[in-house]
Amino acid sequence: MVTPNPDFARQIAEAGGEEVKMCFQCGTCTAGCPSGRQTSYRVRKLMRMAQLGLKDEIVNSEELWECSTCYTCVERCPRQVPIVDIVIALRNIAVSEGHMFDAHKKTAQNLAKFGHTVSVSDKVSALRKEMGLPEVPPTVLANAAAKADLDKILKATGFCKIVE
Amino acid sequence: MAKYAFFLGCIAPLRYPGIEKSTREVCKALDIELVDLKDASCCPAPGVIRAFNKKTWLAAAARNLALAEKAGLPIVTICNGCYGSLFDAAHELKENPALLKEVNGILAQVGMEYKGTTVVRHFAEVLYNEVGVDKIKAKITNPLSYKVAAFYGCHFLKPSGIKNVDDPENPHILDDLIEATGAKSMPRQNKTLCCGAGGGLKAAFGDVAKKFTQTNLENMKASGAQYIIDVCPFCHLQFDGVQKELGYSIPVLHLSQLMGLAMGMNAKDLALSAHVTPVTL
Ligand code: SF4
Ligand code: SF4
């Protein structure tokens with residue numbers, strides 16, 4: 001049984017995916033989608049599900065996370081549907097309701113901890129030094145005050161909630 | 001002398017420092033002055049962080065853009081992910097004053113403001129558009145004879161409606177830059193196919209990502225390419241990291257490393273030991 005949810009359209013629009021209504025279901029996107037070639041993900045179908053407000057089906061689906069954001073579909077869509085923006089909007093909604101892969105949580109935690117998506121490694125630090133580069137790159141990694149600014153931004157935008 | 005704020009990102013400085021080093025050297029040789037964008041953070045990554053919380057992504061990107069604005073410099077990136085995030089964020093903030101106002105409300109909490117003026121450039125596109133193939137040719141001291149596969153990746157060219165870097169379905173600027181070094185860019189099937197790593201696919205569905213990469217590797221191998229030349233440390237990480245397991249061994253170089261070699265840079269400064277797929281020059 002499908003459970004259409006009329007509030008979902010408003011939620012999608014708020015998350016930046018309002019133009020999903022432009023989609024007329026031609027399937028050009030799916031035809032060129034490299035992920036659809038390898039998986040059960042069908043981007044045309046996802047757009048339809050979003051139009052119909054099938055929220056539970058979308059936020060619980062693995063397929064929502066099988067888009068590589070390659071923009072092939074966006075380039076070819078005859079209706080200029082900003083498909084990647086819609087995928088991002090749907091993912092934002094899914095994450096805000098607690099649907100997140102552990103591997104993604106780890107990436108988010110790295111950003112909160114280091115200000116970067118990956119950590120510093122001894123091997124790379126040694127290589128940097130050897131080449132005459134500063135051992136620690138001159139980013140937030142090298143300035144605690146700048147990192148504290150970033151932390152405030154993460155907090156003010158609710159990012160901390162998703163890394164807990 | 002052209003001057004840019006050098007945005008490092010994450011993967012280049014923290015996984016492939018040879019990409020950072022060679023970019024610095026190549027820019028020096030081409031009279032491009034790079035000023036470190038001090039205190040910058042992750043761009044933040046467009047396929048993961050933006051997918052988790054778009055507000056966070058936009059505000060943190062705006063912080064990076066504001067740092068460059070304060071320095072009065074355009075940003076140059078060496079990564080398609082950073083280019084994607086910073087370019088797209090700058091574009092959105094320019095087009096949408098209400099959004100800019102909202103983001104500035106957040107930046108005000110750390111005593112910053114973004115006026116919306118930062119220009120975001122990609123290293124490869126700067127080489128092509130600002131330096132030009134002829135000037136690059138004149139700086140080549142060690143002409144190369146490799147046959148290579150040019151790998152553009154996705155966010156360098158797309159969405160093309162706002163980026164306008166090259167034809168997204170049939171691009172040529174990376175091929176032209178490669179050929180300026182003497183190397184030959186081999187034609188191949190499906191040249192603009194994604195590496196598979198983006199959008200959080202590498203982390204959550206590594207096997208699916210690898211299938212994208214394998215299709216690319218198969219096409220590259222069939223083309224006779226001896227090296228893969230990318231313009232993105234994240235594509236670089238994907239191609240470099242998965243080949244062994246998939247049974248391929250085509251060395252991977254970032255455009256900056258290829259240019260560095262052709263301009264006579266010391267191989268030691270390419271940090272090739274950071275590469276998983278062995279690089280023999
Ligand atoms: S290509 Fe565009 S209009 Fe056609 S199905 Fe896909 S999103 Fe809808
Ligand atoms: S952006 Fe996503 S949905 Fe569109 S073609 Fe690429 S993988 Fe498929």
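Tutor: Ala, Val, Leu, Ile, Met, Phe, Trp, Tyr, Cys and Pro count as nonpolar, Asp, Glu, Lys and Arg as charged, and the others, Gly among them, as polar. This is a predicted model: local features need pLDDT of at least 70, side-chain atom pairs count only at pLDDT 80 or more, and totals for chains, interfaces and linings use all residues. Residues are numbered from 1 along each chain as its sequence is written, chains are lettered from A and ligands numbered from 1 in the order written, and side-chain values use heavy atoms, leaving out hydrogens and water.

Student: How many nonpolar residues does the shell around ligand 2 have?

Tutor: Around ligand 2 there are 13 residues, each with a heavy atom within 4 Å of it. A:Cys33, A:Tyr41, A:Cys67, A:Cys70 and A:Cys73 come nearest, and α3 (34-38) and α6 (72-76) of chain A each give two or more residues. Of this shell, no residues are charged, 4 are polar and the nonpolar ones number 9.

Student: And how many charged residues are in the shell around ligand 1?

Tutor: Ligand 1 is surrounded by 13 residues, with A:Cys23, A:Cys26, A:Gly27, A:Cys29 and A:Cys77 closest. That shell has 8 nonpolar and 3 polar residues, and the charged ones number 2.

Student: Which helix gives the most to the largest nonpolar core?

Tutor: That core (buried Ala, Val, Leu, Ile, Met, Phe, Trp, Tyr and Cys joined through side-chain atoms within 4.5 Å; buried is under 20% relative accessible area, 1.4 Å probe, protein chains only) has 160 residues. Among those with the most contacts inside it are A:Ile83 and B:Ile136, and B:Ile136 touches B:Leu30, B:Leu177 and B:Met263, among others (heavy atoms within 4.5 Å). With 10 residues, the top contributor is chain B's helix α4 (helices are DSSP H or I runs of at least four residues, strands E runs of at least two).

Student: At what angle to β4(B) does helix α7 of chain B run?

Tutor: The sheet here is open and parallel, in the order β2-β1-β3-β4 (chain B), where pairing takes at least two DSSP bridges. Its edge strands are β2 and β4. Angles run from 0 to 180 degrees between N-to-C directions of axes fitted to C-alpha atoms. Helix α7 lies across β1, β2, β3 and β4, and its angle to β4(B) is about 90 degrees.

Student: Which residue stands opposite B:Ile228?

Tutor: Chain B has another open, parallel sheet, ordered β6-β5-β7-β8. There β6 and β8 each have a single partner strand, so one side of each is left without a neighbour in the sheet. Strand β7 (227-230) pairs with β8(B) over 3 bridges. Opposite B:Ile228, in β8(B), stands B:Val252.

Technical notes. Buried < 20%, exposed > 50% of the residue type's maximum accessible area, 1.4 Å probe, protein only. Lists of a residue's contacts leave out its neighbours within four places in sequence.
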